Amino acid sequence: MPEAEWTIVFYTDGSSDPVRDFLSRLDEKAQVRVRAAIEELRLRNVQARWPLVDHIEGKIWELRRDSGRSTYRVLYFTVTGKRIVLLHGFQKKTRTTPRREIEIARDRLRWFTEREGEAQ
């Protein structure tokens with residue numbers, strides 16, 4: 001029997017869908033590139049490595065994608081049931097990931113696990 005595939009879950013707080021909203025604000029070329037990176041992450045899942053992904057802290061990882069002169073990041077974590085939960089997307093404008101962006105992802109991870117269960 002083939003192993004179950006991983007699925008992508010977009011974090012939502014019930015009233016907003018922040019990663020989908022982020023993606024919808026990107027130009028078409030950037031949307032295509034970031035969505036392709038999300039699919040590549042789904043296929044590689046926990047086997048994904050740099051330069052596609054990079055560990056941030058704790059359970060939080062970043063999906064990395066450039067488009068033209070812009071750099072985009074989607075912060076995520078994995079959860080039981082072979083799910084990859086996309087927490088927060090942003091355009092990276094500094095060399096290091098801004099603390100504020102990490103804090104947003106950390107808060108959403110906490111909220112998600114309180115509602116859904118533990119992260120892997």
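**Strands and salt bridges in a predicted model**

Good morning. Strand β3 (residues 60-67) and strand β4 (residues 70-79) pair in the antiparallel sense over seven bridges. Two strands count as paired if DSSP finds at least two bridges between them. Strands (E, at least two residues) and helices (H or I, at least four) are DSSP runs, numbered from the N terminus.

A word on the source. This is a predicted model, in which local features need pLDDT of at least 70 and side-chain atom pairs count only at pLDDT 80 or more, while totals for chains, interfaces and linings use all residues. Residues are numbered from 1 along each chain as its sequence is written, and side-chain values use heavy atoms, with hydrogens and water left out.

Let us return to the strands. Within the pairing of β3 and β4, D66 stands opposite T71 in β4. These two strands form a hairpin with two residues between them, and G68 takes a positive phi near 65 degrees. On the other side of the topic is strand β2: β2 and β3 pair in the antiparallel sense over four bridges. Here H55 stands opposite W61 in β3. The hairpin of β2 and β3 also has two residues between the strands, and G58 in the turn has a positive phi of about 50 degrees.

I now turn to salt bridges. A salt bridge is a side-chain nitrogen of Lys or Arg within 4 Å of a carboxyl oxygen of Asp or Glu. How many salt bridges does the structure hold? There are 14.

One of them starts from strand β2 (residues 53-57), in which E57 lies. The side chains of R99 and E57 meet at 2.7 Å, N to O. Because R99 lies in helix α3 (residues 99-116), this pair ties together parts that are 42 residues apart in sequence. R99 is partly exposed, at 45% relative accessible area, and E57 is also partly exposed, at 21%. For these terms, buried means under 20% relative accessible area, exposed over 50%, and partly exposed in between (1.4 Å probe, protein chains only).

Further along helix α3, E103 forms a salt bridge with R106, with the closest N and O atoms 3.0 Å apart. The two are three residues apart in helix α3, so about one helical turn separates them. Salt bridges that share partners join E57, R99, E103 and R106 into one network.

Finally, E5 and R42 meet in a salt bridge of 2.6 Å, N to O. E5 sits in the segment before β1 (7-10) and R42 in helix α2 (residues 28-44), 37 residues apart. E5 is exposed, at 57%, whereas R42 is buried, at 16%. Thank you.
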